[in-house]
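The following paragraphs guide the reader through a protein model. Please keep the sequence and the structure in view while reading.

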Amino acid sequence: MQRMNAAAARRTALAAQGFGKRRPANPNRRAVLDVVARTRLLQLDSVSAVVRAHYAPVFSRIGPYDRTLLERAAWSDSPRARRGLVEYWAHEAALIPVADWPLLRWRMAEYRHGRWAGMRKAAERNPTLAKDILDVITEVGAAGASEIERHLELEKPRTKGTWWNLSDTKLVCEQLFAAGELSIARRAGFTRHYDLTERVVPADVRDREIAEDDAVRELVRRASRAVGIGTEADIRDYYRLHRRQSSPAIAELVDAGELVPVQVEGWNAPAYLHAQASTPRRVTGAALLCPFDPLIFFRPRTQRVFDFHYRLEIYTPEPQRVHGYYVFPFLLDGRLVGRVDLRAERGNGRLLAPAAFAEPGHATAETAHALRGALREMADWLELDDVVIGERGDLAPLL
């Protein structure tokens, strides 16, 4: 079995995710889609403490770019612009290349009665609601759940704005989306506007039939290329597969020579190196990583690859938080050297950093200088005038 030291494995993982490359001088649509071609997905999340999660990984890799480029690729209404990205349940809710949509048909079949019991119960309470929703959307086009409710003359949602109190209309819309009958045509703010999948996903993509085993093998191939080098768990988690799916697919790709079994120094499980992965001698540059960046969203892998213990503390009571509410790890020259709690105060034009912490051995002027530049770059990208540093953490005084 091939052996690799931990530093080489880390550089391989970073290169696979597009770090260390020269940034484009003027990022365009192609540059944005090239990021997704590497990461294969951009996780969506409702938290907007700094910027929505799907925008941040592109910024981390290519620097300041026009966010409307990503929006138009995913949610354009223009008949002249072929859709480049589409929403579906990949890792979690995510933007994926539109060509990957058929690879998840097996999941749509699994979700045909909903992703969780609440969706199924809503459909059981309202046996005709799914058909009624489809009829409304067929007639009026893309619409949010509240607009659909108005057309159906249903009662208003019990409580807006919380997942746990969604109206039955919203629940059934989500069931139809999970089943692949509806797709997301556009978003207003962060509100989904559902449309018939045939109007969102191009026919040549939508009509592709792929057997589950073949689709899973292709997802494992994509995941292993995106991680560069990873354990079975790393590869499986990328698209939230089951072990019973990922293990046979990995074995087949090993037999085909596409994956190479590797023993990585210090890793507690066998690893698989994608045959086309590169291992650069150095990875340079600085980047702030949002909590849902594909490089770090699988926390056991983050610990294994970077020796970086990272947990999202949004749902931790404030007095019990160690590092902060919405913490961005800081990548510098191929290592995670610190973390900074961030908040965008848009009304006052300020990027707030209430806390900044260094990893052991990195509470240095060099780290602070690089982080200060990264914060200023992020503030400029978000059109915020000031960066305000708080007092918590060993990096804060240096900043």
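In this predicted model, helix α12 contributes a series of buried residues: A215, V216, L219, V220, R222, A223, S224, A226 and V227. The helix covers residues 212–227, and its length can be checked by a simple calculation. At 1.5 Å a residue, its 16 residues should span 22 Å; the C-alpha atoms at its two ends are 22 Å apart, so expectation and model agree. Directly after α12 comes G228, a residue with a positive phi, near 80°.

From this helix the account turns to the nonpolar interior. The largest nonpolar core holds 110 residues, and those touching the most other members are V50, Y65, I133, L288, F328, L342 and M378. Helix α16, residues 365–381, supplies the largest share of this core, namely eight residues. The surroundings of L342 may serve as an illustration. Leaving aside residues up to four places away in sequence, L342 is in contact with A49, V50, L288, Y326, F328, L351, L352, A353, P354, L375 and M378. A second core, separate from the one just described, consists of 24 residues, including F19, V283, A287 and L289.

The cysteines remain to be considered. C173 is buried, because its relative accessible area of 0% lies under the 20% limit. C290 is likewise buried, with a relative accessible area of 2%. A disulfide is a covalent bond that joins the sulfur atoms of two cysteines. How many disulfides does a search of the whole structure find? The search finds zero.

Methods:
Residues are numbered from 1 along each chain as its sequence is written. This is a predicted model: local features need pLDDT of at least 70, side-chain atom pairs count only at pLDDT 80 or more; totals for chains, interfaces and linings use all residues. Side-chain values use heavy atoms; hydrogens and water are left out. Helices (H or I, at least four residues) and strands (E, at least two) are DSSP runs, numbered from the N terminus. The expected span of a helix is 1.5 Å times one less than its number of residues. Buried means under 20% relative accessible area, exposed over 50%, partly exposed in between (1.4 Å probe, protein chains only). A disulfide is a pair of cysteine sulfur atoms within 2.5 Å. A nonpolar core is a set of buried Ala, Val, Leu, Ile, Met, Phe, Trp, Tyr and Cys residues joined through side-chain atoms within 4.5 Å. Contact means heavy atoms within 4.5 Å.
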